[in-house]
Structure formats: C-alpha cells, structure tokens
Amino acid sequence: MAAALSALDEGRTPERPVFREAVRSLLAVLAERAPGRSVEVRVPPYGAIQCVPGPRHTRGNPPNVVEMSPLTWLELASGRVGWDEAVAAGRVQVSGIRADLSAYLPL
C-alpha cells in the first residue's frame with residue numbers, strides 16, 4: 001500500500017501490480033474488520049468482497065452494493081477522502097440500505 005500511495009503523492013499512477021496488491025490487501029482488511037456477507041464491495045478490475053454483518057445474499061445481483069475505482073478505494077481506505085465526500089461527488093456508487101461503509105473507514 002505504501003508504494004501505491006507514494007506514487008499517487010508524486011502524481012503518478014502506481015504500476016498495475018502495485019495498484020492491484022494495494023487494492024486487494026485493503027479489501028481483505030475490510031473483510032476482517034466487517035465480517036459478514038450482506039454488502040458486496042467492488043473495485044474493478046482488481047477485486048470484490050462481501051462484508052458487513054446482516055442478511056446473507058446468495059443469488060443474482062446483491063441488494064447492497066458499493067462500487068468504486070481503485071483510486072477512490074485507496075483514498076477512502078487510507079483516510080485521504082471521506083465517505084460522505086466521495087459519495088456526494090459520485091466517486092462511489094451505492095445501492096441498498098446497508099451500503100454505507102462510513103463506520104468501517106478509514107482502515
């Protein structure tokens with residue numbers, strides 16, 4: 001994660017393997033801190049997890065989805081941007097009543 005954030009600080013896009021590993025590592029941390037299967041968090045093209053306690057989703061499109069770019073995910077997870085700010089700016093797409101991750105961020 002440090003290498004990805006450092007690249008962003010320098011105005012560069014992190015190398016793809018570095019970006020991918022940072023995104024996946026932070027998704028794993030979120031899954032540990034918010035265990036469950038009621039919300040699907042998607043950060044295409046690098047990963048997706050299910051997390052947050054509540055009713056489990058098993059078939060079709062999940063009712064509670066959070067989706068964002070890898071850049072937005074790194075900024076949210078590291079505390080560089082706040083949840084409400086990112087959602088209001090349209091950088092995070094949310095659907096469902098459980099799709100608010102503000103209680104779990106930053107990591």
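This is a short chat about the fold, the core and a few residues of a predicted model.

Q: What should I know about the model first?
A: It is predicted: local features need pLDDT of at least 70, side-chain atom pairs count only at pLDDT 80 or more, and totals for chains, interfaces and linings use all residues. Residues are numbered from 1 along each chain as its sequence is written, and side-chain values use heavy atoms, with hydrogens and water left out.

Q: OK, the sheet. What's the strand order?
A: 2-1-3-4, in an open sheet of four strands with mixed pairing. Strands (E, at least two residues) and helices (H or I, at least four) are DSSP runs, numbered from the N terminus. Two strands pair if DSSP finds at least two bridges between them.

Q: Which strands are at the edges?
A: Strand 2 and strand 4 (92–95). Each pairs on one side only.

Q: How do strand 1 and strand 3 run?
A: Parallel, joined by three bridges. Glu-40 has Val-65 as its bridge partner in strand 3.

Q: Which strands does helix 2 touch?
A: Strand 1 and strand 2. Contact means heavy atoms within 4.5 Å. The direction of helix 2 makes about 5° with that of strand 2. Axes are lines fitted to C-alpha atoms, for helices over the stretch in contact, and angles run from 0 to 180 degrees between N-to-C directions.

Q: And helix 3? Where does that lie?
A: Across strand 1, strand 3 and strand 4, at about 110° to strand 3.

Q: Switching topic. How many aromatic pairs are there?
A: One in the whole structure. Rings of Phe, Tyr and Trp (its six-membered ring) pair if their centres lie within 6.5 Å; planes under 30 degrees apart count as stacked, over 60 as edge-to-face and the rest as tilted.

Q: Why is the Phe-19 and Tyr-46 pair called tilted?
A: The ring planes of Phe-19 and Tyr-46 sit at 45°, so the pair is tilted, with centres 5.9 Å apart.

Q: Are those two residues buried or exposed?
A: Both Phe-19 and Tyr-46 are buried. Buried means under 20% relative accessible area, exposed over 50%, partly exposed in between (1.4 Å probe, protein chains only).

Q: What about Pro-55, buried or exposed?
A: Exposed, with a relative accessible area of 54%. Pro-55 is in the loop between strand 2 and strand 3.

Q: What does Pro-55 touch?
A: Arg-37, Ser-38 and Arg-98, not counting residues up to four places away in sequence.
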